[in-house]
Amino acid sequence: MISKVRLTNWRSHANSELIFSSGTNALLGNMGAGKTSILDAICFSLFGTCPNLQSKKLKLDEMIMKKPIERDKAEVEVHFQVDNNVYSVKRVIEKGRGTTYSELRENGKLLEAPSTQRVNELVSKVMKVDYDLFSKAIYSEQNALDYFLTIPRGQRMKKIDELLMIDKFEKVRSNVTSLVNRIAEKKVGKESVIEHMDLEKTQRNIAELLASINTMTEQRQSLLNELGTVSADKSRMEKEIVRLSEIRKQLEIIKRQESGLSSAINETNRTLTNLQNLENMSSKNVEKNVNELKRLAKSFEEMLTEKNKSYLKLQEQNAKIQSEITLIEKEKLSKLEKELKEKARIKAEFDGFKSEINISTKLKEKQELMQSIISEVEASKARLQDLSDSIEQLSVIGGKCPICEAKLSAVKKKMLIKQKRMRIGALKSHIEDLAKRKKINEKEFSDLIDAARKLDLMAKDLENFDAIRSELENTKNIYSVLNDNGKKIAKELEAVRNDIESLKEKYKGATNESQKADMVFYKLLDYEEKKARLSSLVAEREAMMKHVAEIENVFQGVEFERQEKMFTELAAREKELAAKASGLTDLIKEKTARLQELQGLVENAAKEKEYIAKLDNISMELKIFAKALEETQLELRKEFIAAVNFTMSEMWTALYPYQDFTGAKLAVDEGDYVLQLQEKSGRFMNVEGVVSGGERSIAALALRIAFSLVLAPNVRVLILDEPTANLDANAINMLAMTLRERINDFIDQCFLITHQSEMEEAITGVGYILERDKKNDGETRIEQIF
Ligand SMILES: Nc1ncnc2c1ncn2[C@@H]1O[C@H](COP(=O)(O)OP(=O)(O)OP(=O)(O)O)[C@@H](O)[C@H]1O
Ligand SMILES: [Mg+2]
């Protein structure tokens, strides 16, 4: 049951929400009020498409509200109940982008989002109805009540088979038939292979091969038996020959050893003759002498070491003194002498300087001179000022002298001024002279100060003059002592060097003597050892000769050659027998391989026969299966027609208000379905082309309801958009009554769209009136009336 629909910006609906109940629900309203849009929204919410979109009458973008305000996004949502669960499906469409979001919830919990494809699949699974079935069996579009009758004759059965989903039987059946044909082809192929095989001849060959293999196996066995005896004899003889050969080899080795011993004895004898002169010497005495000489050499060596040590020590002392002498010669002496010379020079300069000028007296004189120049300059400047002042007064006064009141003529005034100016000129040049003298005096004064500073520095420099002089004396003394010591050590070194040389000679002589004595000692030892060894060699050789005589005795009477000949014969026979046996083995192997090949062929033929029998069986079963499919298909069609016809007969009297037709049925005519009405006489006549428009509509409605019940029994919903076209008032009243009173016997919920006010009678569920201000492109407004 569909319980709620919500539309946002869906065609003329800005924001509509409609609640539905079981029974007959109605959407009433004028043309273009927005009724069909609600049904489209239900269908689109459930399956992601609707008939108007499927038939390409409308594009998805056209579902989004254009008027009164253009929107770019619409949303629809439907709630429905199945098996006590409430499901909700939501879809969002956006301009130019199609469906951008799909969602399915079960009792409020999200089952799937946002995949449109997955949501479609899940809704179909939950409702057990897909879009095809929904649009054909449940949703009767506006002006498409007679959908079935509009399908061309000859195609109806196929279409209905598709809705029943029994069209697949047809496909399976044709696949089975082609499979049966392929199996038959395979069988023919296999049979022809077997026919080409001469099985009897193969069996004969197998028997012959078996007999031949047996005979050969026996022959080979007797050969192998003989081979066993020959091999045993041969190996016995081989062992004996090997034993004798070993003894012979041993004999040769002993003989070679004996000859070696003989030559060793001869060699020893020769050495002893050479050392005859040592005969009377005792090795002990010679050893004593050697030790004496070695001791002597050692004592010389120790003395030599001692001397070398003292030589090195003296060398060290000498080097130290020499380095000290060098240091004094090269650095200390010359440095001190240089320093002293410099100081003497400074002293001479200092003494001369000091006697030449008395600086403090001169400084005082210069200071007094400076003071007198400064006072004279000041006095001259004051006189200069006075003269300038009196010139100024003279130039402004009248004819009297301001001092003596005497008459002052202009000539006198001029002369007086001229005299004063001359005196001013003389004073100025005197002041300039004084300035020059002051500058000279200042320079001399500063030179005197510099000289005084220099004398101070010299005096400081000469402070350590005596200390340096006495250090030089001291160093000269040390130098002469060091020189004396150096000479003494040089003499001592010479003496030690001579001692070392003589000790070296002595050591060399003693070492030579001891080596010579050593050699004699070793020769003597060798002589004594060889003498002892000679007798043991002679004894050894005698024992060996005895052993040779014994072994040679063993070979007395052995026919070595004959035995070797017999062995060669046995080996040749063994080889011959082995070759024959191996030849037979190869032959047996070859024949066995051939035998297996033939046996394989026979086994294969048996397997192929078995396989052919199996193919027969499968093909038979497949034919039975194909037949069963055909019969099932026929049976299902029969059952479908029976169910549809039963429903129509149940409904007919409730739907049709007149008595001229007593029933309606779906019949098979010329291999396809036709809708027929039954006349009072009991005769059935085809609806198409014979009955009136209204009668045809009632028959189509009856068929619609029957299809919905038979094809989608678990949905039990019927949607009728304007079913009353072509019906007269009587029929409309009848339909209203049926929808109100009878329809709930067959289905749970019906949606009815109409603009016929009589149809309000049909409402048993919820009823709405839809309105729209079409003049001003208004949006749909909804009012619930029931
Ligand atoms: N995208 C849209 N935006 C706004 N209005 C639209 C849009 N698409 C269609 N309309 C208008 O919405 C109205 C509703 O159409 P609908 O088919 O739902 O009407 P109706 O009530 O079924 O009418 P009728 O009784 O004639 O079948 C129409 O007048 C149509 O012009
Ligand atoms: Mg409509």
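**Exercise 1. State which residue follows helix α3 and what sign its phi has, then describe the helix itself.**

Solution. In this predicted model, the residue that comes after α3 is Lys-128, and its phi is positive, near 60°. Stepping back into the helix, α3 covers residues 116-127, which makes 12 residues, and its span from the first C-alpha to the last is 16 Å, close to the 16 Å expected at 1.5 Å a residue. The next step is to ask which positions of α3 are buried, taking under 20% relative accessible area as the cut-off; these are Val-119, Asn-120, Leu-122, Val-123, Val-126 and Met-127. An α-helix has 3.6 residues a turn, so residues three or four places apart point the same way. Finally, the cover over the buried residues of α3 includes α1 together with the strands β4 (73-82), β5 (85-94), β6 (98-106) and β7 (109-112).

**Exercise 2. Identify the residues that coordinate the magnesium ion (ligand 2), and locate them in the chain.**

Solution. The coordinating atoms are OG1 of Thr-36 and OE1 of Gln-142, at 2.0 to 2.3 Å. Placing this pair in the chain shows that it links distant parts: Thr-36 belongs to helix α1 (residues 35-47), whereas Gln-142 sits in the loop between β8 (139-140) and α5 (147-150), 106 residues apart. As a last step, Gln-142 has 36% relative accessibility and therefore counts as partly exposed, since that class lies between the 20% and 50% limits.

**Exercise 3. Describe the largest pocket by its volume, its lining and the classes of its lining residues.**

Solution. The space in the largest pocket is about 500 Å³. Its lining consists of 19 residues, and those nearest the centre are Arg-11, Ser-12, Gly-32, Gly-34 and Ser-37. Helix α1 gives the most to this lining, with three residues. Sorted by class, the lining of the largest pocket has eight polar, seven charged and four nonpolar residues.

**Exercise 4. Determine how far helix α14 is enclosed, and what it gives to the lining of the largest cavity.**

Solution. Helix α14 runs over residues 693-711, has 19 residues and reaches 26 Å from its first C-alpha to its last, close to the 27 Å expected at 1.5 Å a residue. Because 16 of the 19 residues of α14 are buried, the helix is largely enclosed by the rest of the structure. Turning to cavities, the structure holds one of 30 Å³ or more, and the space in the largest cavity is about 40 Å³. The residues that line the largest cavity are Lys-136, Leu-145, Tyr-147, Phe-148, Ala-700, Leu-703, Arg-704 and Phe-707. While α5 and α14 each supply at least two residues of this lining, α14 gives the most, with four. By class, the lining of the largest cavity has six nonpolar, two charged and no polar residues.

How values were computed:
Residues are numbered from 1 along each chain as its sequence is written. Chains are lettered from A and ligands numbered from 1 in the order in which they are written. This is a predicted model: local features need pLDDT of at least 70, side-chain atom pairs count only at pLDDT 80 or more; totals for chains, interfaces and linings use all residues. Side-chain values use heavy atoms; hydrogens and water are left out. Donors are N, O and S atoms within 2.8 Å of the metal (3.2 Å for Na, K and Ca); water is not among the atoms, so sites may look incomplete. Buried means under 20% relative accessible area, exposed over 50%, partly exposed in between (1.4 Å probe, protein chains only). The expected span of a helix is 1.5 Å times one less than its number of residues. Contact means heavy atoms within 4.5 Å. On a 1 Å grid over the protein atoms alone, a cavity is a set of points where a 1.4 Å probe fits but cannot get out, and a pocket is an open set with protein on both sides within 12 Å along at least five of seven lines; lining residues have an atom within 4 Å of a point. Grid points are joined across faces, edges and corners, and a volume is the space filled by probe spheres set on the points. Ala, Val, Leu, Ile, Met, Phe, Trp, Tyr, Cys and Pro count as nonpolar, Asp, Glu, Lys and Arg as charged, and the others, Gly among them, as polar.
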